[in-house]
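Colleague: I would like to go through this model with you, one question at a time. Please give the reasoning before each value.

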Amino acid sequence: MGGSHLALVHGLNVAQQIAFFALAGAMVLSALRMVTTKNLVHAALYLTVVLAGAAGLYILLAAEFIAVTQVLVYIGAIVVLMLFGLFLTRAPLGTGQDLDNNQRWLAAIIALFLFGVLGVTLQKGFKGTHVNAIPITDGGSNTAAIGVSIFHDFVVPFEVASILLLAALVGAVVIARRD
Amino acid sequence: MAQYLPIVVLMVLATGFAFVSLLASRILGPKNPNSAKSAPYECGIVPNRQPAQRFPVRFYLVAMIFVIFDIEIIFIYPWAVMYHQLGTFGLAEMVAFSIAVLVAFLYLISGGALDWGPVKRLSPAEIITRPYTGSATIRRVPRPEALLAGIEPMEGSAPDAPAAPSAPAEPDRVPATTGH
Amino acid sequence: MPGDPLFNNGLNLAVALIVIIKAIIVFVVVLVSVLFMVMFERKVIGHMQNRIGPNRAGPFGSLQSLADGTKLFFKEALLPAKADKRIYRLAPILAVVPAFLVFSIVPIGGTITIAHHVTRLQLVDPPWGILFMLMLSSIAVYGVMLAGWSSGSKYPLLGAVRASAQMISYEAAMGLSIAAVVVLSGSLHTSAIASGQHGLLHFRNHTVPLPAWNLFRTWVVPFIIFMIAVTAEMHRPPFDLVEAEEEIAGGFNAEYSSLGFALFYLAEFMNVVTMSGVTVTLFLGGPDGPRILGHSVGPFWFVLKLFAFLYTYVWLRATLPRFRYDQLMDLGWKRLIPASLGMLLFVAAVRTGSRGWVIGVMVGLVVGAIALMRALSVGARTTEVEAASIARAGRRA
């Protein structure tokens, strides 16, 4: 491990910084467009960009499995569900509905408040902490580490989660069937 | 992070290829639009009404069920990767998990939430075409009254054609061969 | 062995250059293989249907797909009146980019040394390997869905909604059948999955004269489920309800012309090639095969197996009639998902090597299957009763 290795790590860090700011910028822009656009499907797509950006951030943090989960569950399932919901309730081919209402200032204030709370919490919780975001390379992978913690350390919560999913499924079907 | 570089390069290549070729074709191709070309394609029939406003709730239901199954499958992958270390304990866990999945699944199926079929009749419809015979592969064309027999009761239908008691009534769809 | 050894010594200019060259090679190979696949399909289907197929452009019609592609370049790009312009133009790109990317995780076999840098014959080997494929197939839904929606026309929209419901339905079965492979390999790296299938099959301390491919090690059923799911995912016949010409006039891409259409077409055939590659990797040992004249010829075996799958897909298309939508959904949800979950448990039980567990799981599976049968019949009756009440309500109205 000579100086060249350190320089390399440094170079990677710079690349990560650039990637982070590019992703964050894209996410902020899409989030703003998502709430300002007047087309519901466009809003759903901007949401997809935000979610994909979050997946990109997870990859930057070397949490690949979380990134995959983010894409598979949020982009691959939940936004598709939303789009189906739009097709189901609104005129699917109609554009230009007026989606604005007069509560937007209230919404903006609440959003700012939430942003403030989260920002302060993060600042208080992690200020000055250095989190090492270097991928596990000693033969194992991130997924394996998650496997150990779910199926070895947190068995009971896992089984409870499966019951929760069962309840969610039953509830969803009951609500959707009796329309 | 460096290992993701090839993906990024390939993605840039593929996106660039798609963009450039779309652009090139827009430059190279002719451009004389008219209203017939830009009308919705409906096999030559001029559309005179708005398309259907809503979709069946089934699609939404399937997407919703898929969300939950997707989460369950995501849980399975870390388990599968670590299975050789977890051993029989892991198997027991997964059996418990699968029982929860199976119970949910049985509920879905027995509630008919995953049935897509056409609306079925309580009593089976009468056979209106004869099955294939051994000597010919050509299906026999039924007589018109035989075609009507299984559909619905209406005035003017043949007296020997008993109306199926539970056939779904569709008052709008009078077959063209009788009324007009 | 995780990751590509190319990056062991970090990133420098030479490595970056190798990466770019590899990416370009993959790009070109995939593109050319699509041109080939289109021609191959038309030729083979032609012969299966007792006709000659394309035979004008080039020797034996081999340049037909190139000619078609060139023609599409010079066609007018129509924009439907009610289309959502930006999304209408974005959708073909969203369809074609994931199709390109899937091939990057397929190992073709062995390593190669370029200028003292050892690298695999595989573009990238990320730690989430095979999940990358699942990820891309869930992104590919968007290309189809947005194409249909943005066209502002009713048949494309119908096709798109059908397609996306179909794709998400079969994704579940696909994910479960891949999990059975991961149980055996213990790794998500596609290279590890491929290399883990080397040698001969062992069963209860006996050597069986079969290759140790996952096809056999998973007891064949997950492979069949995976094949069916992949065919549905690509909306190839017999699962091509997305573009059922008789019902919805060509489906989600009906409003596309010129190169927009060409890109969808490209994506479709590219998926056939890349998913065949993934299938070979997962179940048929990837580049595994006997040495020829003392040389290890992984790429040769890989391409040979790939061809077998390409031919199978064409064969399926020529042979099977299209499914009805309710049959498609029944197959996906009521048959494939429980079957793949059951097989996953069975494969896992066999892997433990304990006779008690295997018997226990088998008894459990039988009980589960009986419960499933019972649920199916109850469900059918529920639907019938509901249908009857709908019919009664209709008659009263």
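Colleague: How many residues of domain 1 of chain C are in contact with residues of domain 2 of chain C?

Modeller: Bear in mind that this is a predicted model. The domain assignment of chain C gives domain 1 as 5-353 and domain 2 as 354-397. Domain 2 of chain C brings eight residues to the contact, and the number from domain 1 of chain C is nine.

Colleague: By class, how do the residues on the domain 1 side of that contact in chain C divide?

Modeller: The side in question is the part of domain 1 of chain C that touches domain 2 of chain C. Its residues divide into five nonpolar, three polar and one charged.

Colleague: How far apart are the C-alpha centres of the two domains of chain C?

Modeller: The distance runs from the C-alpha centre of domain 1 of chain C to that of domain 2 of chain C. It comes to 33 Å.

Colleague: Within chain C, are α3(C) and α10(C) roughly parallel or roughly antiparallel?

Modeller: Helix α3 of chain C covers residues 85-102 and helix α10 of chain C covers residues 258-283; their axes come within 8 Å and cross at roughly 25 degrees. Angles under 35 degrees count as roughly parallel. α3(C) and α10(C) are therefore roughly parallel.

Colleague: Is the crossing of α3(C) and α10(C) left-handed or right-handed, and which class is absent from their contact?

Modeller: α3(C) passes α10(C) in a left-handed crossing. Residues making the contact include C:Ala95, C:Val96 and C:Phe100 of α3(C), and C:Leu263, C:Phe264 and C:Met270 of α10(C). By class there are 13 nonpolar and three polar residues, and the class with no residues is charged.

Colleague: What is the secondary structure of chain A, and what share of its residues is buried?

Modeller: Chain A has six helices and zero strands, so its elements run α-α-α-α-α-α from the N terminus on. Of the contacts in chain A with a separation of 6 or more, 56% are between residues 24 or more positions apart. Chain A has 179 residues, and the buried share is 23%.

Colleague: How many residues of chain B are in contact with chain A?

Modeller: Chain A supplies 41 residues to this contact. Helices α1 (3-36), α3 (64-89), α5 (142-153) and α6 (155-177) of chain A each give at least two residues to the side that touches chain B. By class, that side of chain A has 30 nonpolar, eight polar and three charged residues. On the other side, the number of chain B residues is 37.

Key:
Residues are numbered from 1 along each chain as its sequence is written. Chains are lettered from A and ligands numbered from 1 in the order in which they are written. This is a predicted model: local features need pLDDT of at least 70, side-chain atom pairs count only at pLDDT 80 or more; totals for chains, interfaces and linings use all residues. Axes are lines fitted to C-alpha atoms, for helices over the stretch in contact, and angles run from 0 to 180 degrees between N-to-C directions. Helices (H or I, at least four residues) and strands (E, at least two) are DSSP runs, numbered from the N terminus. Angles under 35 degrees count as roughly parallel, over 145 as roughly antiparallel, 65 to 115 as roughly perpendicular and the rest as oblique. A crossing is left-handed if the near helix is turned anticlockwise from the far one by less than a right angle, and right-handed if clockwise. Two residues are in contact if their C-beta atoms, placed from the backbone, lie within 7 Å. Ala, Val, Leu, Ile, Met, Phe, Trp, Tyr, Cys and Pro count as nonpolar, Asp, Glu, Lys and Arg as charged, and the others, Gly among them, as polar. A residue is buried if 20 or more other C-beta atoms lie within 10 Å of its own, exposed if 12 or fewer, and partly exposed in between; C-beta atoms are placed from the backbone. Domain bounds come from an automatic or database domain assignment.
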